[in-house]
Amino acid sequence: MGSIDATELGSEKKPNPGKATILAIGKAFPQQLVMQEYLVDGYFKTTNCDDPELKQKLTRLCKTTTVKTRYVVMSEEILNKYPELATEGGSTVKQRLDICNDAVTEMAVEASRACIENWGRSISDITHLVYVSSSEARLPGGDLYLAKGLGLSPETHRVLLYFVGCSGGVAGLRVAKDIAENNPGSRVLLATSETTIIGFKPPSADRPYDLVGVALFGDGAGAMIIGSDPDPVREKPLFELHTAIQNFLPDTEKTIDGKLTEQGINFTLSRELPQIIEDNVDSFCKKLIGKAGLAHKDYNQMFWAVHPGGPAILNRMEKRLNLSPEKLSPSRRALMDYGNASSNSIVYVLEYMLEESRKARNMNEGGNEWGLILAFGPGVTFEGIVARNIDV
């Protein structure tokens with residue numbers, strides 16, 4: 001397929017002037033670690049359900065997701081305090097939001113502090129905050145509570161992205177990139193935080209997709225610092241965010257459908273989603289690479305940081321784009337260790353990508369400088385960024 005001609009875009013591992021870079025990464029998780037092999041018995045016990053057919057279905061789903069471990073906010077203490085969360089049909093949205101609003105703030109603060117510590121500069125140097133979550137609803141929003149929890153300056157400019165779903169992390173990166181590049185000297189804190197309690201329900205044959213969520217989704221938070229023209233003394237850039245685009249597919253609004261009800265969030269996910277992504281991902285990647293000015297594409301000469309929506313999506317992408325198996329390794333590792341953590345997942349994928357890149361460098365193996373950061377969310381919306389690995 002040819003090779004990438006990046007000579008005019010900067011081939012040395014130094015950030016291009018004015019281009020946004022990721023300067024630090026951090027993450028945080030709740031205390032409850034769920035082992036997938038014990039999930040089925042625990043879930044049916046806590047929801048007082050003994051339906052053998054549903055239990056068998058969840059057992060099959062747990063094996064196909066490839067998830068091994070996940071972190072969740074839900075605990076025995078919460079269920080003892082709010083037993084109505086494990087029963088059918090009650091009006092529980094207030095209780096859920098009381099739990100979720102506090103939990104996502106706590107995790108976002110912890111992830112942000114870890115990120116700021118990794119960054120090495122003062123918290124007072126943060127000028128902008130982009131906050132992403134599909135797990136809370138309140139006014140004022142979680143961005144203000146995060147700013148308060150961190151002690152950010154009241155002059156910090158805030159952007160709030162609610163209910164963007166699995167594409168939220170890359171959408172937040174796109175917004176942070178625009179802010180950083182249009183405000184010289186700015187430093188943007190991007191924080192994502194999610195919990196599944198907003199949609200936790202007992203098993204029901206009337207809601208088959210709920211079992212997919214039980215088998216796949218996890219909780220946690222992520223954070224990144226984004227800024228252009230890094231200080232060579234105080235900052236160590238990791239990735240340059242070169243070009244970002246967003247596309248939605250017309251007439252796919254019902255493919256990923258979520259509604260906030262008195263019983264929390266109800267999700268439905270079309271079986272056609274993996275096929276829709278497979279049918280459109282190549283043309284989207286070509287458009288993204290073209291806008292970045294890369295002369296030719298060779299997908300296997302690029303790195304791939306892809307939101308791990310599920311194994312079916314990753315498998316279809318790998319086949320459609322003819323990717324070598326190792327290309328999606330960071331995504332598969334993130335899925336295995338954390339489940340689909342919605343907007344947080346891209347943070348975990350990028351962290352694994354850095355780990356694998358550094359290991360290859362230590363073994364004197366060449367890595368890929370250029371690559372794509374991708375996610376897919378409601379709409380169906382494609383988010384993509386052409387990026388450079390400039391971690392040295």
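**Exercise 1. The contact of α8 with α9**

Task: Determine which residues of α8 meet which residues of α9, and classify how the two helices are arranged.

Solution. Step 1: in this predicted model, the α8 side of the contact consists of Leu273, Pro274, Gln275, Ile277, Glu278, Val281 and Asp282. On the α9 side stand Ala312, Ile313, Arg316, Met317 and Arg320.

Step 2: sorted by class, the contact of α8 with α9 comprises 7 nonpolar, 1 polar and 4 charged residues.

Step 3: two packed helices are described by the angle between their axes and the distance between the axes. For helix α8 (residues 273-291) and helix α9 (residues 311-320), the axes come within 9 Å and the crossing angle is roughly 30 degrees.

Step 4: angles under 35 degrees count as roughly parallel. Helices α8 and α9 are therefore roughly parallel to each other, and their crossing is right-handed.

**Exercise 2. The contact of α1 with α2**

Task: Decide whether α1 and α2 are roughly parallel or roughly antiparallel to each other, and describe their contact.

Solution. Step 1: the axes of helix α1 (residues 36-46) and α2 come within 10 Å and cross at roughly 155 degrees.

Step 2: angles over 145 degrees count as roughly antiparallel. Helices α1 and α2 are therefore roughly antiparallel to each other. Their crossing is right-handed.

Step 3: helix α1 contributes Gln36, Leu39, Val40, Asp41, Tyr43 and Phe44 to the contact, while α2 contributes Leu54, Lys55, Leu58, Thr59 and Cys62.

Step 4: the contact of α1 with α2 divides into 7 nonpolar, 2 polar and 2 charged residues.

**Exercise 3. The contact of α2 with α7**

Task: Establish how α2 and α7 are oriented to each other and which residues make their contact.

Solution. Step 1: the axes of helix α2 (residues 52-64) and helix α7 (residues 208-216) come within 9 Å, with a crossing angle of roughly 45 degrees.

Step 2: angles under 35 degrees would count as roughly parallel, and those from 65 to 115 degrees as roughly perpendicular. Helices α2 and α7 are therefore oblique to each other. The crossing of α2 and α7 is right-handed.

Step 3: from α2, the contact draws on Leu54, Lys57, Leu58, Leu61 and Cys62; from α7, it draws on Pro208, Leu211, Val212, Val214 and Ala215.

Step 4: by class, the contact of α2 with α7 holds 9 nonpolar residues, no polar residues and 1 charged residue.

**Exercise 4. The nonpolar cores**

Task: Identify the residues with the most contacts inside the largest nonpolar core, and the helix that supplies its largest share.

Solution. Step 1: in soluble globular proteins, nonpolar side chains tend to be buried together. Here the largest nonpolar core has 52 residues, and those with the most contacts inside it are Leu58, Ile78, Leu146 and Ile225.

Step 2: helix α4 (residues 93-119) provides the largest share of this core, 12 residues.

Step 3: a second, separate core has 38 residues, including Val175, Ala341, Val349 and Leu350.

Step 4: Leu146, from the largest core, can be followed individually. Residues up to four places away in sequence being left aside, Leu146 touches Thr105, Ala108, Val109, Ser112, Leu129, Tyr131 and Ala191.

**Exercise 5. Backbone features**

Task: Locate Asn48 and Asn322, state the sign of phi for each, and decide whether each is buried or exposed.

Solution. Step 1: Asn48 lies in the loop between α1 and α2. Asn322 is placed in the loop between α9 and α10 (329-338).

Step 2: phi of Asn48 is near 55 degrees, a positive value in a residue other than glycine. For Asn322, phi is likewise near 55 degrees and positive.

Step 3: exposed means over 50% relative accessible area. Asn48, at 68% relative accessibility, therefore counts as exposed; Asn322, at 59%, is also exposed.

Task: Find where the cis peptide bonds from Leu139 to Pro140 and between Gly379 and Val380 are placed.

Solution. Step 1: the peptide bond from Leu139 to Pro140 is cis, with omega near 0 degrees. Pro140 lies in the loop between β4 (128-133) and α5 (142-150).

Step 2: Gly379 and Val380 are joined by a cis peptide bond with omega of about -20 degrees. Val380 belongs to strand β13 (residues 379-389).

Key
Residues numbered from 1 in each chain as written. Predicted model: local features only at pLDDT ≥ 70, side-chain atom pairs only at ≥ 80, totals over all residues. Heavy atoms only, no water. Axes fitted to C-alpha atoms, helices over the stretch in contact; angles between N-to-C directions. Helix = DSSP H or I, 4+ residues; strand = E, 2+ residues; numbered from the N terminus. Left-handed = near helix turned anticlockwise from the far one by under 90°. Contact = heavy atoms within 4.5 Å. Nonpolar A, V, L, I, M, F, W, Y, C, P; charged D, E, K, R; others polar. Core = buried A, V, L, I, M, F, W, Y, C linked by side-chain atoms within 4.5 Å. Buried < 20%, exposed > 50% of the residue type's maximum accessible area, 1.4 Å probe, protein only.
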